[in-house]
Amino acid sequence: MANSAQREGVAAGATLNRDAAPGETLLKVTGLQKHFPIRKGLLQRQVGAVRAVDGLDFEVKSGETLGVVGESGCGKSTMGRLITRLLEPTAGKVEFEGKDITHLGVGAMRPMRRDVQMIFQDPYSSLNPRHTIGTIISAPFKLQGVTPEGGVKKEVQRLLSVVGLNPEHYNRYPHEFSGGQRQRIGIARALALNPKMVVADEPVSALDVSIQAQVVNLLDDLQQELGLTYVIIAHDLSVVRHVSDRIAVMYLGKIVELADRDSLYKAPMHPYTKALMSAVPIPDPRRKSAKSERILLQGDVPSPISPPSGCRFHTRCWKATEICKTTEPPLLELKPGQQVACHHPENFEDQAPQDTVLLTVAKQAAELVADEVLAESAATSAAVAAEVTATPAEKPAVTEKPVVTETSAVAAPEDEAPAKEK
Amino acid sequence: MTELSKSGAAVGEPVKDSPAPSAFLEVRDLKVHFPTDDGLVKSVDGLSFTLEKGKTLGIVGESGSGKSVTSLGIMGLHTTGQYGKRKAQISGEIWLDGTELLTADPDHVRKLRGREMAMIFQDPLSALHPYYTIGQQIVEAYRIHHKVDKKTARRRAVEMLDRVGIPQPDKRVDSYPHEFSGGMRQRAMIAMSLVNNPELLIADEPTTALDVTVQAQILDLIRDLQKEFGSAVIVITHDLGVVAELSDDILVMYGGRCIERGPAEKVFYEPKHPYTWGLLGSMPRLDREQTERLIPVKGSPPSLINLPTGCAFNPRCAYADVPKDNVTRTVRPELAQVGGRHWAACHMTQEQRERIWTEEIAPKL
Amino acid sequence: MARGTAAGPRAVLAYLIRRLFAAAVMLVVIILVVFGIFFLVPRWAGVDPATMFVGKQADPAAIEAVRQKLGLADPIFAQVWEFFKGLFVGRTYSGGGDVTECAAPCFGYSFRNEQAIWPVLTDRFPVTLGLALGAAFLWLIFGVAAGVLSALKRGSLWDRGAMIIALGGVSLPIYFTGMLSLAIFSYGLGWIDGRYVPLSESFTGWLGGMILPWVTLAFLYAAMYARITRATMMEVLGEDYIRTARAKGLTEPVVIGKHAMRSTMTPILTMLGMDLGALIGGAILTETTFSLPGLGQAVLTAISDKDLPVILGVTLITSLAVIIANLLVDLLYAVIDPRVRLS
């Protein structure tokens, strides 16, 4: 587009004018696990477990938006239900404002419920069809035994106007509203008790495109006005990029990459992140021929009942080597603000350079990856490696990647792209 | 099949009253109305388009815009199977390779179904029969239209499964749909729809139920297969990304009508209808720099029973007052040519739209 | 994921063995519970089973003799043990000098007429079974057909008529329809004799005796089956895979008869299993109305006579029938729906 330069300027100038509240840690999650037992037979013996969430560590800072992306079965929704304590964790710790809420009972959780609210995906099924929206939105007051200033009705009407609904619709029923309006009702209900943190599980995926944008903008406005902290769970990478400050990418119950929005999208380090982003269909017909940039992954996500050993992505990764199969890579902060769990990250120096022999699956996977991509990734990694060895280790500030050359003629080191023969 | 007469119709724009069009598929003034207790639901209300072999038409629209109803209408899946319910009222003309489907003998249309025109559905889990193996279902689809024995048909099924990239097809042919993963199921569905080499393939939200990485695989597969089979393809989706990946031409539907139609590049780069602008502005994009705010379309999609008078989009249109004399609220705009093979239905003048697009919309995208 | 084809014969066999074992365990539990109820409750209620056996006017010595002979004075465990032994290897009643041998499936003796119970059961079971199976055959054919037609012609005159009749069938009690049919066809028109004739004596006579009970019973059940078939079929017709079947170019008879019917049969089979089991337990009303000498009639008499051993015997046979019917249904279910794993 003609105006891309102009747009860039706008984007750079106005990235965050949110009241970046102190930025202190609001939510801290350590080693979080949730295994759903699978029982069988007459005696309901446990024969296995769905390891929906299998060891998460992250923090959510006050006032920020943490986006969580992943494909179905990656455990992102379970994670949302764990941090709002709708589910009881199998192991690990959830701290909210420094207080351990991991195993609080229903009674002890009640005050906490005011501060943490949830918005659900389906605006159709999450509202009781027999209740007026007045009743629905005022339910949190009744549950908490709170009477807002000026009375419940007045407060509900205020909330309705905050989310952009007509306050006079207080006595209407959910079926009288469209999908987007119902999601607004869900948001109003979540806001009723003036929460500090809102966890939204696929808040816009059931909505039409034009309505999605309305709700995304509303969430944005509310955050600025009310200083809310969001955890937004979604499968749509473009929506997540739009709303988030930091993004966690999940794969089979684990976080594989956790980074600032811009670092993640500009220079993803985990191969899965890279594949995921390249898989998103780009609404630009001119890019149709530029298919070469796409990384096609083999097959489907493995079952979370028996996840692959080592790095869980090794069965589909085109860079997987022996170490990936045997050793689980830890989630390390390789660059400031970018944590990655990978032995052979993209856009960064190899963490296990001695391990160069590709697994057979990786060779097959590499068949699906365009030569240009392999060459490019090799080139950037090599460049970073060179830079890292050149500069002292204390200065790991390789924030901006060297511009990738258009031509794929960059000589790839032997160990980086060996799988591709012509 | 009736004789294909060469009536020099301009490619792209349907010509009224020509007996048999030259285009491979031509839909003229298609209307699909459903009588209900609340009134007549005009799901599709006067839709026309053409499609040539080897080309892909993307039909985009939001829920209730009539895009899926259109596809079912072409397949003739309205007239059957509406047991007891009040029947859909369908009118207009659908010409497939010289045959008008709406007036043709229903049994003749049935024989075309699956052989000449096939369909891929959104959710392969519910679209495949849970009680029959994948192989049985493909064999059945093949044997209705080909007089071959079961063994030959089974070999054909294995061949098709292999072609769509299912590993160990000779084993998996005996699996049931629930034993397949989502992506594999959609591959099997595609194998089944292509088993008779159809000339027209309709894919109704073919990747909506799939994960992103699997979606990429399936889009790739559809593209490859089209190249190989040379069929005409209609892709129906709400996802502009999917449409851009696959389509040569794009048709944007709103309230049961086409509001803009043209080559994909034109529709994406020089859209001529405010609703198309709205769709483009509503969508966060990975291929662009981060924008501060999305530009949504205000309001909600219209009721198909009581469409707004005039332009159906006028209550949501930010530019409804640009044309004079309140015309947007009283007169329904017809599709008008705005460029080569590019049509839009809007009351604004070309100049007005040009100005708004370049000055107000494009810079914010 | 990959687990090959549905279930090989080996899996079916293993499944059968497991199920039969479970059924055996279930039967033992049922025997224990029933035995407990029938032999303990009278004691708690202050009624002496021996008195019931001999009659109230009997002298204490006779009662004591019976008590000895039937082992009623033994501890409950001993009694249960004797009962089990009787079922499988036969038992010997001895007391007061006279000894009675009771051969292998020994269910004991009726309190009322001192007849052995097993022959009573074997006499009556075929009558009930014949009634249940014959009626089931009729109601399946007519009920399912009516339901399918209603679903296909929803809202039509046929649909409304069929559903009104079905409503009547469900709500009219069996003795009403039974008596009515007897009054018309047997007493009024004289077409049918209406007396039960065992199959071993005359096939046509048997048919003549069974036709009215069959039709009466089938009418009630056909009504229920028509309703459930209609509802299920309507639901199935809305499924995506039916649309897919049409999109393949299948003819309507194949779409309905093959694709839709197979899914519609699943809930119907489940119901059939339960209904057959229940009917074998005693179509009491039907048997009474038509004077059929089946299990239902036997149990009715036994209840009014407080004839505990007969009740116990019928209960066991019924439980066995229910268990077998359910096993058959589960097997059929797995054949119809490959998603049901035999494990």
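**Exercise 1. The two domains of chain A**

How many residues of domain 1 of chain A are in contact with domain 2 of chain A, and how many residues does domain 2 contribute?

Solution. Before counting, note that this is a predicted model, in which local features need pLDDT of at least 70 and side-chain atom pairs count only at pLDDT 80 or more, while totals for chains, interfaces and linings use all residues. Residues are numbered from 1 along each chain as its sequence is written, and chains are lettered from A, with ligands numbered from 1, in the order in which they are written.

Step 1: locate the domains, whose bounds come from an automatic or database domain assignment; in chain A, domain 1 covers 22–37 + 49–250 and domain 2 covers 292–390.

Step 2: apply the contact criterion, by which the C-beta atoms of two residues, placed from the backbone, must lie within 7 Å. With this criterion, 6 residues of domain 1 of chain A are in contact with 5 residues of domain 2 of chain A.

Step 3: sort the domain 1 side by class, where Ala, Val, Leu, Ile, Met, Phe, Trp, Tyr, Cys and Pro count as nonpolar, Asp, Glu, Lys and Arg as charged, and the others, Gly among them, as polar. The side of domain 1 of chain A that touches domain 2 of chain A then has 2 nonpolar, 1 polar and 3 charged residues.

Step 4: add the distance, which is 34 Å between the C-alpha centres of domain 1 and domain 2 of chain A.

**Exercise 2. Confidence along chain A**

Find the mean pLDDT of chain A and a stretch where pLDDT stays under 50.

Solution. Step 1: pLDDT is the predictor's confidence in each residue, from 0 to 100; its mean over chain A is 81, and 84% of the residues of chain A reach 70 or more.

Step 2: over residues 1–21 of chain A, pLDDT stays under 50, and the model has 22 contacts for this stretch beyond four places in sequence. Residues 392–422 of chain A also have pLDDT below 50, with 44 contacts in the model beyond near neighbours in sequence.

Step 3: draw the caution that where pLDDT is low, the predicted coordinates should not be read in detail.

**Exercise 3. Two residues with positive phi**

Describe the setting of R85(A) and of N347(A), and decide whether each is buried or partly exposed.

Solution. Step 1: R85(A), although not a glycine, has a positive phi of about 60°, and N347(A), also not a glycine, has a positive phi of about 55°.

Step 2: place them among helices (H or I, at least four residues) and strands (E, at least two), which are DSSP runs numbered from the N terminus. R85(A) is in the loop between α2 (76–83) and β4 (91–96) of chain A, while N347(A) is in the loop between β12 (338–340) and α12 (360–367) of chain A.

Step 3: count neighbours, since a residue is buried if 20 or more other C-beta atoms lie within 10 Å of its own, exposed if 12 or fewer, and partly exposed in between, with C-beta atoms placed from the backbone. R85(A) counts as partly exposed because it has 19 C-beta neighbours inside 10 Å, and N347(A) counts as buried because it has 25.

**Exercise 4. The sheet of chain B**

Give the strand order of the open sheet in chain B and name its edge strands.

Solution. Step 1: strands pair if DSSP finds at least two bridges between them; the open sheet of chain B has 8 strands in the order β6-β7-β8-β3-β9-β10-β12-β11, with mixed pairing.

Step 2: the edge strands are β6 and β11 (336–339) of chain B, each of which pairs on one side only, and the twist averages 25° from one strand to the next.

Step 3: take one pair, β10 (residues 257–263) and β12 (residues 342–344) of chain B, which run antiparallel and are joined by 2 bridges; E260(B) has A344(B) in β12(B) as its bridge partner.

**Exercise 5. A residue in chain C**

Work out the surroundings of I242(C).

Solution. Step 1: I242(C) lies in helix α9 (residues 240–247) of chain C, a chain with 13 helices and 2 strands.

Step 2: I242(C) counts as buried because it has 20 C-beta neighbours inside 10 Å; buried residues make up 34% of the 343 residues in chain C.

Step 3: leaving out residues up to four places away in sequence, I242(C) touches V236(C), L237(C), V255(C), H259(C) and A260(C). The C-alpha atoms of I242(C) and H259(C) are separated by 6.8 Å, with their positions 17 residues apart along the chain.

How values were computed. Axes fitted to C-alpha atoms, helices over the stretch in contact; angles between N-to-C directions.
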